[in-house]
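Subject: Structure handover

Hello,

Here is the structure I said I would pass on. My notes on the salt bridges follow it.

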Amino acid sequence: MRPLPWTGADGKACYLSTDDPGSLLSHLADDIEAAQLSSAEQVLAGARAVLHDSKAGERAVRFALTRTVESLGGVLRVAVSRGDNR
């Protein structure tokens, strides 16, 4: 069972039951994982910029932290789906 890089409407993990890495759903999951990792890089850069800005207010910090938490959740789902669940 492959953990997918998204959750269901109830917030629970979704899984793919197939041995075919070439299936349509496997390719979709691969594409979404790549997009999540790319987005996480951008969010990390933005969060670093906010943290280094001494004039950044509470709203900016909260926004950066919120996006960072969302990205971290996606990255952790990618890690689990790739078997990197140490």
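Which residue forms a salt bridge with aspartate 30? The partner is arginine 2, and the closest N and O atoms of the two lie 2.8 Å apart. A salt bridge here is a side-chain nitrogen of Lys or Arg within 4 Å of a carboxyl oxygen of Asp or Glu. This contact links distant parts of the chain, since aspartate 30 sits in helix α1 (residues 24-52) and arginine 2 in strand β1 (residues 2-7), 28 residues apart. Helices (H or I, at least four residues) and strands (E, at least two) are DSSP runs, numbered from the N terminus.

Before you read further, please note that this is a predicted model, in which local features need pLDDT of at least 70 and side-chain atom pairs count only at pLDDT 80 or more, while totals for chains, interfaces and linings use all residues. Residues are numbered from 1 along each chain as its sequence is written, and side-chain values use heavy atoms, with hydrogens and water left out.

The search covered the whole structure and gave three salt bridges. As background, side chains of opposite charge can pair when their charged atoms come close.

Arginine 2 also meets glutamate 33 in a salt bridge, at 3.1 Å from N to O. This pair again joins strand β1, which holds arginine 2, to helix α1, which holds glutamate 33, across 31 residues. On accessibility, buried means under 20% relative accessible area, exposed over 50%, and partly exposed in between (1.4 Å probe, protein chains only). Arginine 2 is buried at 18%, and glutamate 33 is buried at 2%. Aspartate 30, at 33%, is partly exposed.

The other pair is arginine 67 with glutamate 70, whose side chains form a salt bridge at 2.7 Å, N to O. Both residues belong to helix α2 (residues 58-81), and because they are three residues apart there, about one helical turn separates them. Arginine 67 is partly exposed, with a relative accessible area of 27%, and glutamate 70 is partly exposed too, at 47%. Turning back to the earlier residues, Arg2, Asp30 and Glu33 are joined into one network by salt bridges that share partners.

One last item concerns alanine 13, which is found in strand β2 (residues 13-16). Its relative accessible area is 46%, so alanine 13 counts as partly exposed. Alanine 13 and arginine 77 are 64 residues apart in sequence, yet their C-alpha atoms are 8.7 Å apart in space.

Regards
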